[in-house]
Amino acid sequence: STLYMRNILGGGCDSFRAPFVKRKLEPVLNCKIDACTSDAQLLEALKSGKKYDVFFIAPGYCSLIKAGKKSGDEMINLVQSYHPSIIIVMIDDSSKGAPLLKEALERCDSEGL
């Protein structure tokens, strides 16, 4: 229903799962996914000038946030400094990934983001 391909950015992704997520979810969600496995990769994606519609924090990183070992705020603040109206999704369970991202993309469309 969109006129252009939506872009999703992921942070805190596992380097083994990132290619799988891209391969599995891009065709299902009809979007492009950049799943970043490091802070440097995330910063590079943000500085690329590409417009991202949705940002997700991957399940493994969500676990670290819950355990108090990492702060998601820093990552979210960084992403929002480049994309103020981006929709943030915390994926704490990989089985919820596709439905949560689909819902976020639908929100982009309905809100005209």
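## A tour from leucine 29

Start by selecting leucine 29: setting aside neighbours within four places in sequence, this residue is in contact with Ile8, Ala98, Leu101, Lys102 and Leu105. Keep in mind as you look around that this is a predicted model.

Now widen the selection. Leu29 belongs to the largest nonpolar core, a group of 19 residues. Try colouring Ile8, Leu29, Ile33, Val54, Phe56, Val89 and Leu101, which have the most contacts inside this core. At least two core residues come from each of helix 1, strand 2, strand 3, strand 4 and helix 5. Apart from this core lies another, of 14 residues, including Leu42, Ile57, Cys62 and Met75.

**Next stop: helix 5**

Select residues 97-111. This helix has 15 residues and reaches 21 Å from its first C-alpha to its last, close to the 21 Å expected at 1.5 Å a residue. Which of its residues are buried? Show Gly97, Leu101, Ala104, Leu105 and Cys108 to see them. Turn the view until you look down the axis: the buried residues of helix 5 fall within an arc of 95 degrees, so they line one face of the helix. The spacing has a simple background: an α-helix has 3.6 residues a turn, so residues three or four places apart point the same way.

What do the buried residues of helix 5 pack against? Add strand 1 (6-11), helix 1 (18-29), strand 2 (31-35), strand 3 (54-57) and strand 4 (87-90), and you have their packing partners. Then swing round to the other side of helix 5, where Glu103 and Ser110 are exposed. Just after the helix, pick out glycine 112, with its positive phi of about 65 degrees.

**On to the strands**

Select strand 3. Val54 and Phe56 point one way from this strand, Phe55 and Ile57 point the other way, and all are buried. Bring in strand 1 as well: it runs parallel to strand 3, and four bridges join the two. One pair to highlight is isoleucine 8 with its bridge partner in strand 3, valine 54. Strand 4 also runs parallel to strand 3, joined to it by four bridges. Here, look for isoleucine 57 opposite methionine 90 of strand 4.

**Last stop: a loop**

Finish at asparagine 30, in the loop between helix 1 and strand 2. Is this residue buried or exposed? At 53% relative accessibility, asparagine 30 counts as exposed, because the cut-off for that label is over 50%. Check its backbone too: asparagine 30 has a positive phi of about 55 degrees, although it is not a glycine.

Terms used
Residues are numbered from 1 along each chain as its sequence is written. This is a predicted model: local features need pLDDT of at least 70, side-chain atom pairs count only at pLDDT 80 or more; totals for chains, interfaces and linings use all residues. Side-chain values use heavy atoms; hydrogens and water are left out. The expected span of a helix is 1.5 Å times one less than its number of residues. Buried means under 20% relative accessible area, exposed over 50%, partly exposed in between (1.4 Å probe, protein chains only). The arc is that of the directions from the helix axis to the C-beta atoms. Contact means heavy atoms within 4.5 Å. A nonpolar core is a set of buried Ala, Val, Leu, Ile, Met, Phe, Trp, Tyr and Cys residues joined through side-chain atoms within 4.5 Å. Two strands pair if DSSP finds at least two bridges between them.
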